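Q: I would like to learn how to read a pocket and a pair of packed helices in a model. Could we work through one example together?

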Amino acid sequence: LGAGMMGAGIAYVSAKAGIDVVLLDTTQENADKGKAYSQSILDKAISRGRSTAEKRDALLARIQTTTSYEDLRGCDLVIEAVFEDRDIKAACTQKTEAVIAADAVFASNTSTLPITGLAKASVRPANFIGLHFFSPVDKMPLVEIIVGAETSDETLARGFDYVLQIGKTPIVVNDKRGFYTSRVFATYVMEGLAMVAEGVHPRSVEVAGLKAGMPMPPLALQDEVSLSLSLHISAQTRKDLAAEGIAYPAHPGEAVLQEVCGVRGRVGKKSGQGLYDYQGKDKTLWPGLLEIYPPKAEQPSQQDIIDRLMFIQANEAARCYEENVVRSVADTNIGSIFGWGFAPHQGGALQFINAMGAQAFVTRSRELAQRHGARFEPAAIVVKMAQEGGRFEDVA
C-alpha cells in the first residue's frame, strides 16, 4: 500500500523473490510510477549485462498496479508503506481488512509509530506486525520486525519467513516509540544539527561524521531523510506524548529543523534545497547556515566532534538493549551496521563500548554530559558494567 520510494522498493524485492505483488496507490498514475521504479532498476541491470529483457519482463509481470482495495483479496501479506500519519494508516488498515482473509497478515512499514497503537485500528491485532524497511529497499540488507503487544507468535514467524524469502536480514524488536534503528539513527543526525546551532562549523561536523566511519555525514543524511519528515515525526510524537500526559523531551537540534524547514521552507534533497543546495548530482552546504548560525571563533577539535557523534549513538543503543527493545547483543550490533550504517569497522554500537571498555566509556560520557547536556549521561547498564567489569555479550 503506497507506491512511493518505500512501497515501490518493497514491490521490487518481493517480485524479485518470485512473489506476486499488488501495488496500490490513490491514483493509477502513482501506482504505475511505483512499478516504473522496478523497470528502471532492471533496465540498468540489462545495460550492464547483468540481466535480460526476458527476466525483466517476467519480474514486471508479477507486479499488478491498482487503486482498488478489492484487488487485495487473496493476499497473504499486506505491507502498508504510506505517509507517517496515524489517521492515514488507520484508514488503510480498515479498508484492507474489509477484503483480506481472516488469517492474512497486515504489516506496517512505520519507522517510529508504535505498532500496538497502530493495531488499535485493526479488528485482528494478533495478525498485525511491523516490518520496517530501509531506503533504498533494493540495496539495504536489514528489515526490523516489530512485535506489538497482541502480535501472535504465528504472525511473527510468518513475518520472519517473508523477510528471509526476499533475501534480507531480520532483527526482531519489541514495541517502543522509534523502535531501535530509527531511535538511535535520530541521535546521530540531531547531534549534528545541535552542533551547528552551537556555532560549530557545518563543514567540521560533516568531515567528523565521515572520519568516524559513518557512510554519510549527519547533515547530508538529514537532507536525504528530509527535514519535513523529521519535523512531522516530532510533531506527531509531541501529540502522542501529550495524550499520554508525558512531557516531550525537546532536543537542541530541533530548533535548526524548525528554522531551516519550518521558517525558510528548505525541505531537503527531494526539493533541491535543504542543509545543502543541489545542482544535478552536485551538492554544496547551504551558505545560509553560516549566516543563521555563525561559527564560533574557537572551534572544537575534530576528536571532540567525532566523540559526540559516536557516543550519543552507542549510548542510545545500550539504552535500547537495557529496555529490552532489542532482544540480543548480536541483533543490536547487526541492526546498527545494516540499519543505519553505524561505523562498520567498529563491529556495531555495543561492540564500540566493549572495545573501549565500559569504564572508559562511562568516564568520557560523563565529560560530554557535563559539557553538552544530560543526553550524554551513560546508560545505567553501562555504569553497572563499569562497576562490575562486565561487557555486552549474549549468553549461549
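Q: How do the residues that line the second largest pocket divide into nonpolar, polar and charged?

A: In this predicted model, the lining of the second largest pocket divides into 16 nonpolar, six polar and four charged residues.

Q: How is such an empty space found, and how much space lies in the second largest pocket?

A: Rolling a probe the size of a water molecule over the atoms shows where empty space is left. Here, the second largest pocket holds about 550 Å³ of space, and of the 26 residues that line this pocket, I19, D20, L77, V78 and Y162 are the closest to its centre.

Q: Which elements give two or more residues to that lining, and which of them gives the largest share?

A: The elements that give two or more residues to the lining are helix 1 (5–16), strand 1 (21–24), strand 3 (77–80) and helix 6 (153–165), and the largest share, five residues, comes from helix 6.

Q: Turning to the helices, at what angle do helix 7 and helix 8 pack?

A: Helix 7 (residues 181–198) and helix 8 (residues 202–211) pack at an angle of about 150°, with 9 Å between their axes. Because angles over 145 degrees count as roughly antiparallel, helix 7 is roughly antiparallel to helix 8, and the crossing of the two helices is right-handed.

Q: Which residues of helix 7 and helix 8 meet?

A: From helix 7, Y188, G192, M195 and V196 meet P202, V205 and G209 of helix 8. By class, this contact has five nonpolar residues, two polar ones and no charged ones.

Technical notes
Residues numbered from 1 in each chain as written. Predicted model: local features only at pLDDT ≥ 70, side-chain atom pairs only at ≥ 80, totals over all residues. Heavy atoms only, no water. Axes fitted to C-alpha atoms, helices over the stretch in contact; angles between N-to-C directions. Helix = DSSP H or I, 4+ residues; strand = E, 2+ residues; numbered from the N terminus. Parallel < 35°, antiparallel > 145°, perpendicular 65-115°, else oblique. Left-handed = near helix turned anticlockwise from the far one by under 90°. Contact = heavy atoms within 4.5 Å. Nonpolar A, V, L, I, M, F, W, Y, C, P; charged D, E, K, R; others polar. 1 Å grid on protein atoms, 1.4 Å probe; cavity = no way out; pocket = protein on both sides within 12 Å on 5 of 7 lines; lining within 4 Å. Points joined across faces, edges and corners; volume = space filled by probe spheres on them.
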